[in-house]
Amino acid sequence: MPVLHSLRRAAVVLLLAAATLYAAPARPAAADEPGWTAEPATGAAVTAVRPYFYLAGAPGTVLEDRLALANTTDQERTVSLRGADAYNTADGAFAVRPATPGATAAAGAGSWISFGAATTVKVPPRTRAVVPFTLTVPPASPPGDHPAAVIATEGGHEVGVRVHLRVGGPTLAALTVEDVAVRGRGAAAVIAYTLVNRGNVALTPELRIRVEALFGEPADPPRGRTLPIELLPGQRVELTEPWPGAPALDRVRVTLTVTAPGGARAVATGSRRLVPGGLAGWIGGGLLGLGATTAAALYLVRGRRPEPRPAPAPDGPSAAGPTPPAPHHELTGAAR
């Protein structure tokens, strides 16, 4: 029995050792995973985890920070680094400008980022490399927010880390709402509008909607919410709000009020006559127009009642004397 017990113990040890050896190799990265990461570095000066780079300085300042590249695979990675300007897409998403080799046209804060000679970094297997970079604010830079990003590229994969840069000086939070319209019908109806950042700081807008109708009380869309976008300075985005409770037959007026921290506020309106599609829509539109016309006519009739006429004089001789008989003309076929 002691021998059997010893054999079982040895077997368990061998199984555990085999399992350990099997788990040692790194898991290969999936086809859609780069096998490496890029993020703001931490260290003695910065110990907290940062999702973005936060930099601020006056015009002419040279700012410094560090990017951490972590290779989680068993293969060496060659990562290319660059700065890029950031902007809003048409629907409000955050995006960066593509690389344009040789371009010297006017560019934003992305062109102010420099990695020096370390534009290409070789990262050994299972190694974390820290790469310093500088951001030089030009002396004539206007104050406010200048969105940018650090882009790391390797093997067809790109990883971007946002750079929030604030240049010192007066700031202005301002926006406008434009092109308010109701599109679609029924459950597919939406309220479309355009937001434009007219200031020099990024905005997180809050939207409020008010609806007025000619007939009845329509079901309003969500009255107030913070929009899931960051509207960058000078950017224009086209957005829509679903309105499944839009009336099938009515004339509506939509008022949008947009606010943002810093005192930004804008109001705009739009209207539309909603009618069902097809023949019913034509009939409904005609009835709607007829109802509006009838209401206007009744309003005018009530507002302009005719003055009462004087009662006719009683029969009898006139004060001016008897009325002479009218002259009589006889018409025949022969001349006289």
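A salt bridge here is a side-chain nitrogen of Lys or Arg within 4 Å of a carboxyl oxygen of Asp or Glu. The views below show examples from a predicted model, in which the count by this rule comes to twelve salt bridges.

**View 1. Glu-241 pairs with Arg-225.** The closest N and O atoms of this salt bridge are 2.9 Å apart. Glu-241 sits in strand S16 and Arg-225 in strand S15 (residues 224-226), so the contact ties together parts 16 residues apart in sequence. The two ends differ in setting: Glu-241 counts as buried because its relative accessibility is 3%, under the 20% cut-off, while Arg-225 is partly exposed at 32%.

**View 2. Glu-178 meets Arg-198.** Take a look at the side chains here, which form a salt bridge with an N to O distance of 2.7 Å. Glu-178 belongs to strand S12 (residues 175-183), whereas Arg-198 lies in the loop between strand S13 (190-197) and strand S14 (206-213), so parts 20 residues apart in sequence are tied together. Arg-198 has 47% relative accessibility and therefore counts as partly exposed.

**View 3. Glu-178 also pairs with Arg-236.** In this salt bridge, the closest N and O atoms are 3.0 Å apart. Distant parts of the chain are linked, with Arg-236 in strand S16 (residues 236-242) and Glu-178 in strand S12, 58 residues apart. Arg-236 is partly exposed, at 42% relative accessibility.

**View 4. Glu-178, Arg-198 and Arg-236 form one network.** Here the two preceding views come together: salt bridges that share partners join these residues. Glu-178 is the shared partner, bridging to Arg-198 and to Arg-236.

Definitions and conventions. Residues are numbered from 1 along each chain as its sequence is written. This is a predicted model: local features need pLDDT of at least 70, side-chain atom pairs count only at pLDDT 80 or more; totals for chains, interfaces and linings use all residues. Side-chain values use heavy atoms; hydrogens and water are left out. Helices (H or I, at least four residues) and strands (E, at least two) are DSSP runs, numbered from the N terminus. Buried means under 20% relative accessible area, exposed over 50%, partly exposed in between (1.4 Å probe, protein chains only).
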